[in-house]
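Trainee: I have a new structure open and would like to walk through it with you. Could we take it piece by piece?
Mentor: Gladly, so please put it up where we can both look.

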Amino acid sequence: MVETNIADELKRVFAEGVIACQQTADNVPTLWIDPERAVDVLRYLRSGIESPYAMLFDLTAVDERDRTHRSGLPDADFTVVYHLLSPGRNKDIRIKTGLRGDYPSARSMTGIWPNADWYEREAWDMFGITFEGHPHLRRILMPPSWEGHPLRKEHPARATEIGPFRLPAVREEEEQGALRFRPEEWGMKRHGEDTDFMFLNLGPQHPGTHGLLRIILELDGEEIVDSVLDIGYHHRAAEKMAERQSWHTFIPYTDRIDYLGGVLNNLPYVLAVEQLAGITAPEKAMVIRVMMCELFRIASHLVWYGTFAQDVGALSPVFYMFTDRERVFQIIEAVCGGRMHPSWFRIGGVAHDLPRGWDRLVREFLDYLPPRLDEYDGMVMKNSILRARTKGIGRYTLQEAVDWGVTGPGLRACGLEWDFRKKRPYSGYELFEFDIPTAVHGDCYDRGLVRIEEMRQSLRIIEQCLKNMPEGPYKSDHPLATPPRKERTMHDIETLITHFLNVSLGPVMPAGESFFGIEAAKGCNGYYLISDGGTASYRTRIRTPSFSHLQMVPHISRGLMIPDLIAILGSIDFVLADVDR
Amino acid sequence: MNETIMRLLMIAVVLGGALFIASGLIWLERRLLGLWQDRYGPNRVGPFGTFQVVADMIKVFTKEDWVPPFADKAVFVLAPAVIVATILMPFAVIPFAPAMQVINLNVGLLFFLAMSALGVYSVTLAGWSSASKYSLLGGLRAAAQMLSYEVFMGLSLVGVVLLSGSFSLGRIVEAQQGLWFCIPQFFGLVVFVIAGVAETHRLPFDLPEAESELVAGFHSEYSGMKFGMFFVGEYLGVTLVSAMITTLFFGGWMGPLLPPVVWFLLKTFFFICFFILLRASLPRPRYDQLMALGWKVMLPLSLMNIVITGGILLARG
């Protein structure tokens with residue numbers, strides 16, 4: 001029964017509630033739903049069908065007012081887009097509700113999915129869409145005193161479009177006052193039955209938060225009664241910048257989303273663009289991409305490994321792991337020229353061919369790392385103090401993981417063998433032999449075990465790349481591939497014109513919508529692109545794993561102690577740029 | 001008269017020596033950690049970076065001596081002095097060599113325990129007077145940790161006293177002629193070393209200042225020389241505990257060929273390095289785990305040790 005067409009089924013059940021079906025480049029069933037019926041439809045998808053769409057994978061909005069290519073789509077000023085994922089079916093569905101008016105409102109889905117909380121706050125913050133029934137609809141990424149909603153089309157994208165920034169003493173006072181935490185606003189009590197609670201600001205600058213993250217803890221002694229996360233300190237409006245950069249020049253911005261992931265961030269973006277344009281990267285480019293991605297996965301996991309040990313109090317491991325990461329960077333530097341942010345993938349391929357001697361570097365690394373990893377097992381993971389600190393701490397069940405939109409190692413640590421590289425192979429991953437490590441308890445320790453085994457599996461993949469690197473071009477011949485290949489430009493006028501336009505203005509992508517999600521180091525990283533037939537995207541939505549993972553922290557740290565919270569933060573492996581974008 | 005001058009000279013030597021070693025430890029620890037962590041550590045100032053200590057001193061002394069406006073000023077200033085004083089005092093009763101001792105108290109061991117118990121005040125008062133939440137949490141952790149480990153530290157030494165029949169440290173060393181107490185009092189040694197680490201709140205028991213959790217714990221608000229006092233106090237504590245391990249369990253100055261004082265310093269140096277190695281290799285337990293370890297493992301262990309030692313002594317008559 002699972003095979004039935006979900007679009008037909010929804011039409012049968014909800015009849016008039018389904019307004020239209022939209023064709024998208026990614027072939028995800030996209031249905032426009034009457035806003036009045038949205039809650040019912042989503043509840044039905046969440047719990048009314050066999051192998052349901054249990055995960056709210058993403059929730060975002062689109063400002064439709066300036067969009068020109070809207071033929072066949074229902075009228076709307078704003079749309080709220082719900083992207084659901086069904087682990088049982090391995091299928092996605094996209095539900096859109098069209099809203100009318102300048103500052104429209106929609107119904108909150110926080111009653112169906114707990115992780116709708118932050119997503120709806122973000123949509124309100126960015127678009128000014130009110131979600132009725134949301135418990136704490138307030139700014140999440142922008143400062144509380146911000147005027148306007150940045151992702152609306154009328155909001156300026158550049159500092160030069162608004163007046164110069166000034167911070168006189170009075171305003172500074174006001175800004176600081178706005179950041180003051182008032183427990184009552186969050187429904188928190190200042191006193192317990194026989195105790196007074198202490199409210200502790202952990203961060204924004206704190207050695208245990210790995211960046212600018214503010215956690216407000218409600219403490220009874222050292223026990224965490226409740227907590228509120230304040231994010232947005234790292235917000236750089238990457239999604240807004242995508243609307244003014246050309247398709248090609250946005251690539252370097254993607255690198256900096258998960259700044260430990262390097263080209264792993266380029267991949268979902270270029271794949272989404274390629275899907276939109278109908279480009280297929282040549283075989284060699286695909287294998288190079290896989291190899292570089294796996295190297296960055298190892299680099300990212302090594303940073304996690306070291307900082308995780310450091311969070312639990314071990315001083316030394318972080319130095320060994322950064323040394324190893326340096327080895328990875330030597331290869332990356334030789335291949336890409338850059339280190340942390342090489343911005344090396346291109347639409348239709350990669351920037352360059354592999355340099356001479358790359359294979360020697362990779363081979364040396366394949367021999368170098370495994371014994372080191374074995375040594376770290378004994379030093380870190382088998383240490384009894386570390387086990388006592390992390391086993392059974394920060395535990396969540398598979399059901400909770402799905403409810404909160406957890407992907408990546410955090411999901412696999414609960415026992416679900418879910419890896420986008422296997423479930424929805426991209427860039428030729430179906431040709432590689434590797435295993436998906438899983439664990440059972442879903443606690444801090446198990447999340448660690450999964451990541452460590454993943455590094456070994458990545459080494460296997462890299463070894464297969466090394467042995468089977470195909471010959472051929474490293475970039476597609478497609479006219480929309482950027483920058484276009486140079487060899488033939490001087491021979492015929494057509495190629496010359498294409499080259500000139502694609503380099504000066506940037507390529508024009510056909511109008512349409514496309515989503516592509518990949519298995520990044522921290523979970524599923526996906527790009528949802530809307531092209532209005534221009535040289536820049538009309539809307540770029542970056543679905544990052546850290547955002548949904550971090551949202552879960554208050555839920556899993558309740559009743560534990562401050563050191564446990566630090567261990568949990570370490571085990572989640574988030575990057576704040578990946579949270580705030 | 002001559003006697004008095006010798007005493008004063010001895011005091012100067014011990015005081016200067018302890019401070020010299022403690023400051024040298026700052027350099028030693030950073031170099032050793034560097035060695036074990038595949039990096040260099042300070043190697044720029046002077047030969048092998050040894051003048052780093054001098055550079056640090058200049059920096060710490062010339063920093064603004066700042067007291068937070070919200071702090072309880074008198075206590076805030078007093079707290080760092082207390083820790084240095086209480087750790088320096090016990091050096092007076094340690095026998096470095098047969099006649100090298102500031103004063104041979106017949107209750108030397110009790111004096112050491114009393115002084116190290118007073119050290120809790122420093123840390124707790126520092127945390128309290130800072131009027132900062134992180135400092136308060138650090139101070140509370142310190143109070144609980146140091147008070148409970150004080151108990152086991154005292155109990156672990158009962159066996160040594162039983163065997164030597166004296167509280168005088170000099171007599172305890174002499175009683176180890178032939179067999180160092182580390183063998184008959186093995187469990188006492190284990191408990192004492194662990195309690196010693198907890199007393200000096202060094203990793204793995206650095207919970208009062210756990211960096212990744214409490215930023216800097218009880219001394220979060222301290223800067224300049226007041227912070228320097230805590231810093232030196234920690235290294236003095238390491239030196240003191242190492243010297244006590246040497247005296248109580250490893251035969252103090254005793255050893256062949258080399259002069260007694262050299263043996264004493266060598267043994268102490270060995271234990272100091274052991275302390276630093278601990279820091280390089282172990283993660284940090286949680287606060288309640290530390291307390292559980294203390295009351296559920298260490299306390300029974302040290303009580304067992306007393307019962308068995310006492311039993312054997314009784315049986316021997």
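Trainee: What should the 20 residues of α9(A) span, at 1.5 Å a residue?
Mentor: Keeping in mind that this is a predicted model, the 20 residues of α9(A) should span 28 Å at 1.5 Å a residue, and the end C-alpha atoms of the helix are 28 Å apart, which agrees.

Trainee: And which residues of α9(A) are buried?
Mentor: Among them are Pro317(A), Val318(A), Tyr320(A) and Met321(A), and the buried residues also include the charged pair of names Asp324(A) and Arg325(A). What covers the buried residues of α9(A) includes α8 and α10 of chain A, together with α1 of chain B.

Trainee: What happens just after α9(A)?
Mentor: Just after that helix comes Gly337(A), which takes a positive phi of about 90°.

Trainee: You mentioned chain B, so how many residues does each chain bring to the contact?
Mentor: Chain A brings 33 residues and chain B brings 25 residues, and the area buried between the two chains is about 2500 Å², with carbon and sulfur atoms giving 60% of that area.

Trainee: How many salt bridges and polar contacts cross the interface?
Mentor: The rule finds two salt bridges between chain A and chain B, and one of them joins Asp564(A) to Arg286(B), whose closest N and O atoms are 2.8 Å apart. Across the interface of chain A and chain B there are also ten residue pairs in polar contact.

Trainee: Which elements of chain A supply the side that touches chain B?
Mentor: At least two residues each come from β8, α8, α9, α11 and α19 of chain A, and the largest share, five residues, comes from β8(A). The residues on that side of chain A divide into 19 nonpolar, nine polar and five charged.

Trainee: Switching topic, how many salt bridges are there over all chains?
Mentor: A search of the whole structure finds 51. As background, side chains of opposite charge can pair when their charged atoms come close.

Trainee: Which residue does Glu239(A) meet in a salt bridge?
Mentor: The side chain of Glu239(A) meets that of Arg581(A), at 3.3 Å from N to O. This pair links distant parts of the chain, with Glu239(A) in helix α5 of chain A and Arg581(A) in the segment after α20 of chain A, 342 residues apart.

Trainee: Are those two buried or exposed?
Mentor: Glu239(A) counts as buried because its relative accessibility is 6%, and Arg581(A) counts as buried because its relative accessibility is 2%, where the cut-off for buried is under 20%.

Trainee: What about Glu453(A) and Arg456(A), how far apart are they in helix α15?
Mentor: They are three residues apart in helix α15 of chain A, so they are separated by about one helical turn, and their side chains meet in a salt bridge at 3.6 Å from N to O. Glu453(A) is partly exposed at 27% relative accessibility, and Arg456(A) is partly exposed at 23%.

Trainee: One last spot, where is Ser108(A)?
Mentor: Ser108(A) lies in the loop between β6 and α3 of chain A, and it is buried, with a relative accessible area of 12%. The side chain of Ser108(A) makes a polar contact with the side chain of Glu120(A) at 2.7 Å.

Terms used
Residues are numbered from 1 along each chain as its sequence is written. Chains are lettered from A and ligands numbered from 1 in the order in which they are written. This is a predicted model: local features need pLDDT of at least 70, side-chain atom pairs count only at pLDDT 80 or more; totals for chains, interfaces and linings use all residues. Side-chain values use heavy atoms; hydrogens and water are left out. Contact means heavy atoms within 4.5 Å. Buried area is the accessible area (1.4 Å probe) that two parts lose on being put together, summed over both. A salt bridge is a side-chain nitrogen of Lys or Arg within 4 Å of a carboxyl oxygen of Asp or Glu. A polar contact is a pair of N or O atoms within 3.5 Å; within protein, one must be able to donate a hydrogen and the other to accept it, and residues adjacent in sequence count only if both atoms are side-chain atoms. Helices (H or I, at least four residues) and strands (E, at least two) are DSSP runs, numbered from the N terminus. Ala, Val, Leu, Ile, Met, Phe, Trp, Tyr, Cys and Pro count as nonpolar, Asp, Glu, Lys and Arg as charged, and the others, Gly among them, as polar. Buried means under 20% relative accessible area, exposed over 50%, partly exposed in between (1.4 Å probe, protein chains only). The expected span of a helix is 1.5 Å times one less than its number of residues.
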